[in-house]
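Let's take a relaxed walk through a protein model, stopping at a few spots inside it. Keep the picture open while you read.

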Amino acid sequence: MITLDDSGKLFIWGTLEGPEAARLSSTSPPKVQRVPEKQNFYGLVGTEIWTSSGPLTKPGAPAALARSPQIRVFDPTGRGPFTAVTKTLTLPDSAGHVGSVTASAIVPEHPDLAYLGHDNGYVSVWNRATYTCVAVQRVSTYGITTMVGVGKCLWAGFRTGYIFVYDVQADPWTVTKAWRAHTEGVTKILVDSTSLWTDGALQIASAGSDMIVQIWDGLLRDDWLDTELNLRQPEFCTYRTVRALCISWNIDASRPDDLTGAIANYEFLNECLTSAESPDIISFGFQEMIDLESKKLTAKTLILGKKKAEQKFTDTVSSSYRLWHDKLVHAVRLAMPPECPYTVIHVGDMVGLFSCIFVKSAESATLRDVAMINVKTGMSGRYGNKGGILSRFVIDDTSLCFINCHLAAGQSHRRQRDHDLVQILEDKSAFSELASSSPGAYQSGGGGTSVFDHELVVLSGDLNYRIDMRREVVQKAVADGALATLLPQDQLLKGLATNPTFRLRSFKEAPITFAPTYKYDPGTDDYDSSAKKRIPAWCDRVLWRSDRADKVTPVHYRRYECNVSDHKPISAALDLRVKSIVPDKRAIVWTEVESAWFGVESQLLESAREFYGGS
């Protein structure tokens, strides 16, 4: 046993070898050593003690010490010098700024490596023999609070209350499972190795700031079964194609009666609705339902609580919602064949956002798990001028989630947009636990509470990602039809290609073949001529995510020339492959998969007993 006091004095009780190894004696004095004080991390890595301080924040600190924590390693076993490494360890320059060390772990299948978690979402990997940093992974934008190795995976807890399980054998690492384990931050994750012998299981315990201890299955049995079952879907499912038409537009506070003047304005809605043949689902997502003056009014209302101003704002916005709802219902009725009516299954609003989803009436009666939630991201989540409306339902035995969102504006505010996506997709989006009414409809291991539980997700809206090029260069490329030269500098596409923590990393987008949709002088087809002279950009987008690569086929991805707003509307038509489970066939496959699990479980338990029994 090792104890440490605030001054850096370290006491070693008992020994690691010999007949006294398993006993502590109050009569035998401990060995005393000293480690540096004012360290912000101490951890036991195998039989070594790893400590860390920094990075330094004081002015004038050397660059290497300002971007990296300083790590020291000590050996309390007595087999060699107490100071295992005479030189302080730092991360390589190529890693960039890596925050303070907050956690450590050894992954059993990689016992020669030490994993250190950092408070800015990085994990650094160190060779335990040479004490060199062999890899640095950015796994989150949030600070890691605790880690533990289980089998081939690294379990990490976060301040958000989430636990993520990473397969560190994959390159890049993949997320095996993620869930909200605690309502507040995760403070500790521990392996209960005694359960290997007492219960024939490998239990993992987590503790949180919510003062609750949770017990988890370290073998992730249910997830393994779900994954194997998912791979064998074709053996017990039938499939059909459902066409979804997703229309997104930042309307810049326009009203339906503003659709006048140019022919493109008059014909806009009909052109949208007839752009895809016989869509089964029609999703409208509008942004900026209120004008700038109303935004100022809402800010005053929020801060000062003026009842008259609040009532005026509410009346104005509600009127706009009603007018657009009625306009869309009328437009769908006119554009679609009378023998094929549509039903509105979702209508949602949140300050500037408005969603309206239609489904063919023949389909609507069979929908299950219908739900809608709002996620506010404006003013640190207190205000809904930015955020998302999330709509979900189950059709046949496939879960779908449609997201209409509006992210932070500004050419240089890419990080805030990235953070908004985390809030919408991960932190705050929690549907009711409804999976029990639709067994097999959600992704492996999912219960239907989060976005990523759904088999099909379609995300659209004014994402506000910009083009990182000079305005005149962008305008010339658009005029010349050289759109391909702009795509490499599109912030969203760069995030998909280079940022491993980007929350849209698992989403796909059809090729962009249309000109940037922002920002125009309203009533014209001219890009912004105001004093701000904003750089044209593809702010308006439609992306999708599916649990299987063959489930989504893009039909079209285009824009429209309606000019009443400073944005051009866009639409995407997607053919979605939805499944129906044949219960008898599924039962046969389930029996086979469950039988296979027993062999896998035996091997996992044997490996775990060998690791923990010999350590």
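## A look inside

The largest cavity is lined by C246, S283, F284, G285, S355, I357, I389, S391, F402, I403, N404 and S460. Keep in mind that this is a predicted model. The space in that largest cavity comes to about 60 Å³, and the structure has 2 cavities of 30 Å³ or more. Which strands each supply at least two residues of the lining? They are β19 (281-287), β21 (353-360), β23 (383-395) and β24 (398-406). As for chemistry, the lining of the largest cavity splits into 6 nonpolar and 6 polar residues, with no charged ones.

## Two helices, each with a buried face

Now for helix α4, which covers residues 263-273. Its buried residues are N265, F268, L269, C272 and L273. If you look down the axis of α4, those buried residues sit within an arc of 110°, so they line one face of the helix. Turn to the face pointing away from that buried side, and you find the exposed residues I263 and Y266.

Helix α10 (residues 491-498) can be read in a similar way. Here the buried residues are Q491, L492, G495 and L496. Down the axis of α10 they fall within an arc of 140°, so they too line one face of their helix. A497 and T498 are exposed on the other side of α10. There's also a cap to spot: D490 sits at the N-terminal end of α10, with a side-chain oxygen 3.2 Å from the backbone nitrogen of L492.

## Three buried residues

Let's zoom in on some single residues. Is T146 buried or exposed? T146 has a relative accessible area of 3%, and buried means under 20%, so T146 counts as buried. You'll find T146 in strand β11 (residues 144-150). Leaving out residues up to four places away in sequence, T146 touches A103, W155, A156, G157, V186, T187, K188 and I189. With I189 there is a polar link as well, since a polar atom of the T146 side chain lies 3.1 Å from the backbone nitrogen of I189.

Next up is S254, in the loop between β18 (237-250) and α4. S254 is buried too, at 3% relative accessibility. Its side chain reaches the backbone oxygen of I251 at 2.6 Å. Residues up to four places away in sequence aside, S254 touches W324, V564 and S565.

Last comes Y518, which lies in the loop between α10 and β26 (540-546). Y518 counts as buried, with 7% relative accessibility. Not counting neighbours within four places in sequence, Y518 is in contact with R466, Y527, R534, I535, P536, A537, C539, D566 and H567. One of these, R534, also makes a polar contact of 3.3 Å with Y518, side chain to side chain. For a sense of scale, the C-alpha atoms of Y518 and T102 are 43 Å apart, and these two residues are separated by 416 residues along the chain.

Here are the polar distances from this tour, side by side:

| From | To | Distance |
|---|---|---|
| T146 side chain | I189 backbone nitrogen | 3.1 Å |
| S254 side chain | I251 backbone oxygen | 2.6 Å |
| D490 side-chain oxygen | L492 backbone nitrogen | 3.2 Å |
| Y518 side chain | R534 side chain | 3.3 Å |

Notes: Residues numbered from 1 in each chain as written. Predicted model: local features only at pLDDT ≥ 70, side-chain atom pairs only at ≥ 80, totals over all residues. Heavy atoms only, no water. Buried < 20%, exposed > 50% of the residue type's maximum accessible area, 1.4 Å probe, protein only. Helix = DSSP H or I, 4+ residues; strand = E, 2+ residues; numbered from the N terminus. Arc of directions from axis to C-beta. Polar contact = N/O pair within 3.5 Å; in protein donor to acceptor, adjacent residues only side chain to side chain. Contact = heavy atoms within 4.5 Å. 1 Å grid on protein atoms, 1.4 Å probe; cavity = no way out; pocket = protein on both sides within 12 Å on 5 of 7 lines; lining within 4 Å. Points joined across faces, edges and corners; volume = space filled by probe spheres on them. Nonpolar A, V, L, I, M, F, W, Y, C, P; charged D, E, K, R; others polar.
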